[in-house]
Amino acid sequence: MKKRIIRALSFTVSLIMIFCMVPANVFAIEFGDFQSAKVSEPSLNLSASTYSELSDAISTANTSGGAVITLTGDITMVNVLTIAADVVIKGAHTLLRANDYVGGFFTVNAGATLTLDGGVIIDGNNEWVFNEALYAEKMALHMTNKPIPGISGFDFVTLEEGAPIAKANLFTVNGNVVLNAVTVKNNVADASTNTLAYSIFKMNANSALTINDGANLIHNAAKG
C-alpha cells in the first residue's frame with residue numbers, strides 16, 4: 001500500500017510551477033470576484049477513446065477551425081499534441097502519461113484556445129509522497145536559525161518507484177488555456193541541469209491562462 005500522500009501545500013506549489021517560467025516583469029496576476037465566463041463552443045463534435053483517436057480528432061479540429069472533443073475512455077499519452085484552433089476537450093476520463101514517456105501533453109499555438117472541462121483528469125502518473133517528518137525536522141532547525149546546507153524542496157519528496165519524471169513542460173502555451181472542470185495532478189518534473197524548472201504551464205509572451213471554479217491543480221512537484 002502506498003504511503004499517505006500529503007497535499008496541504010499542493011495549490012501553492014502548483015501556482016509556483018505554473019509561473020516559474022515567466023520573468024516577473026512580463027505579467028501581472030489579477031484576482032477578482034467574478035463568475036466563470038461562458039463562451040460558445042465550436043459546432044463540430046468529435047470523440048476519442050485512444051491516443052490515436054485523440055490525435056486524429058485534434059488534427060481534424062485544427063483544420064476545421066475548432067471542435068469539441070468528448071473523451072469516451074481513459075487515454076495514455078505517448079507524445080505531445082499541438083492545438084492550432086479553438087478546441088474543447090471534455091469528459092470524465094483520464095489523460096495519463098505513459099510509464100516510459102517524459103514529454104509534455106499539449107502545445108497551444110498563438111491564436112488558439114484549449115479548454116478543458118467536463119471532469120477530465122490530466123495525470124502525470126507519479127504518486128510521489130511528501131516526507132513530512134524530514135520537513136518538520138529541517139524546519140525546526142531553520143526556526144532556531146541553524147543553517148540547512150544543501151537542502152531543497154525536492155529533497156522532501158519520495159518519488160514513486162518506476163514512475164515517469166518529466167523532462168518537459170506539461171503545457172507549452174503561446175495562445176490561451178481555459179480550465180473549467182478539470183484536475184491536473186501527479187506531475188513530477190526534473191530540470192536539475194537547467195536554469196529553470198519544467199512547469200505545469202509554460203506561459204509564453206501574449207498567452208493567457210484562465211482558472212475557473214471547478215479547476216484543481218493538486219499534488220504536483222518540480223525540481224530545477
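# Briefing: parallel strand pairings, one salt bridge and selected residues

S55 sits in helix α2, which covers residues 51-64. The model is a predicted one. S55 is partly exposed, at 22% relative accessibility. Its C-alpha atom is 6.8 Å from that of L81, although 26 residues separate S55 and L81 in sequence. The points below take the strands first, then the salt bridge, helix α3 and residues with positive phi.

**Strands β5, β8 and β13**

- Strand β8 spans residues 113-117 and is mostly covered, with four of its five residues buried.
- Strand β5, residues 86-90, runs parallel to β8, and five bridges join the two.
- Within that pairing, I89 has L116 of β8 as its bridge partner.
- β8 also pairs with strand β13, residues 176-179, in the parallel sense, here over four bridges.
- L116 stands opposite L179 of β13.
- L116 therefore appears in both pairings, as the partner of I89 and opposite L179.

**T113 in β8**

- T113 belongs to strand β8.
- Is T113 buried or exposed? T113 has 19% relative accessibility, so the residue counts as buried, the cut-off being under 20%.
- The T113 side chain makes a polar contact with the side chain of N176, at 3.4 Å.
- Strand β13 covers residues 176-179, and the contact with N176 adds a side-chain link to the β8 and β13 bridges.

**Strands β1 and β2**

- Strand β2, residues 67-71, has four of its five residues buried, so the rest of the structure largely encloses β2.
- Strand β1, residues 45-48, pairs with β2 over four bridges, and the sense is parallel.
- N45 has V68 as its bridge partner in β2.

**Strands β9, β14 and β18**

- β9 and strand β14, residues 182-185, are parallel and share four bridges.
- Which residue of β14 is the bridge partner of D123? The partner is K185.
- β14 also runs parallel to β18, and four bridges join them.
- V182 stands opposite A215 in β18.
- β14 thus has two parallel pairings among those listed here, one with β9 and one with β18.

**The salt bridge**

- How many salt bridges does a search of the whole structure find? The search finds one.
- The partners are K90 and E41, whose closest N and O atoms are 3.6 Å apart.
- K90 lies in strand β5 and E41 in the loop between α1 (10-19) and β1, so the pair ties together parts 49 residues apart in sequence.
- K90 is partly exposed, with a relative accessible area of 25%.
- E41 is partly exposed too, with a relative accessible area of 41%.
- Side chains of opposite charge can pair when their charged atoms come close.

**Helix α3 and its patch**

- Helix α3 runs over residues 132-143, 12 residues in total.
- At 1.5 Å a residue, α3 should span 16 Å, and this agrees with its end C-alpha atoms, which are 16 Å apart.
- Y135, M139 and M143 make a nonpolar surface patch of about 290 Å².
- M139 lies in α3.
- M139 is partly exposed, with a relative accessible area of 31%. The residue can belong to a patch because patch members need over 30% relative accessible area.
- N145 follows α3 and has a positive phi, near 65 degrees.

**Positive phi in loops**

- N125 is a residue other than glycine, yet its phi is positive, near 70 degrees.
- N125 lies in the loop between β9 (120-123) and β10 (129-130).
- N125 is buried, with a relative accessible area of 17%.
- H219 is not a glycine either, and its phi is positive at about 60 degrees.
- Where is H219 found? H219 is in the loop between β18 (215-218) and β19 (221-223).
- H219 counts as buried, at 0% relative accessibility.

Note on methods:
Residues are numbered from 1 along each chain as its sequence is written. This is a predicted model: local features need pLDDT of at least 70, side-chain atom pairs count only at pLDDT 80 or more; totals for chains, interfaces and linings use all residues. Side-chain values use heavy atoms; hydrogens and water are left out. Buried means under 20% relative accessible area, exposed over 50%, partly exposed in between (1.4 Å probe, protein chains only). Two strands pair if DSSP finds at least two bridges between them. The expected span of a helix is 1.5 Å times one less than its number of residues. Patches are made of residues with over 30% relative accessible area and no salt bridge: like charges are joined within 9 Å, nonpolar side chains (Val, Leu, Ile, Met, Phe, Trp, Tyr) within 5 Å. Accessible areas come from the Shrake-Rupley method with a 1.4 Å probe; for residues, only the protein chains shown count as cover. A salt bridge is a side-chain nitrogen of Lys or Arg within 4 Å of a carboxyl oxygen of Asp or Glu. A polar contact is a pair of N or O atoms within 3.5 Å; within protein, one must be able to donate a hydrogen and the other to accept it, and residues adjacent in sequence count only if both atoms are side-chain atoms.
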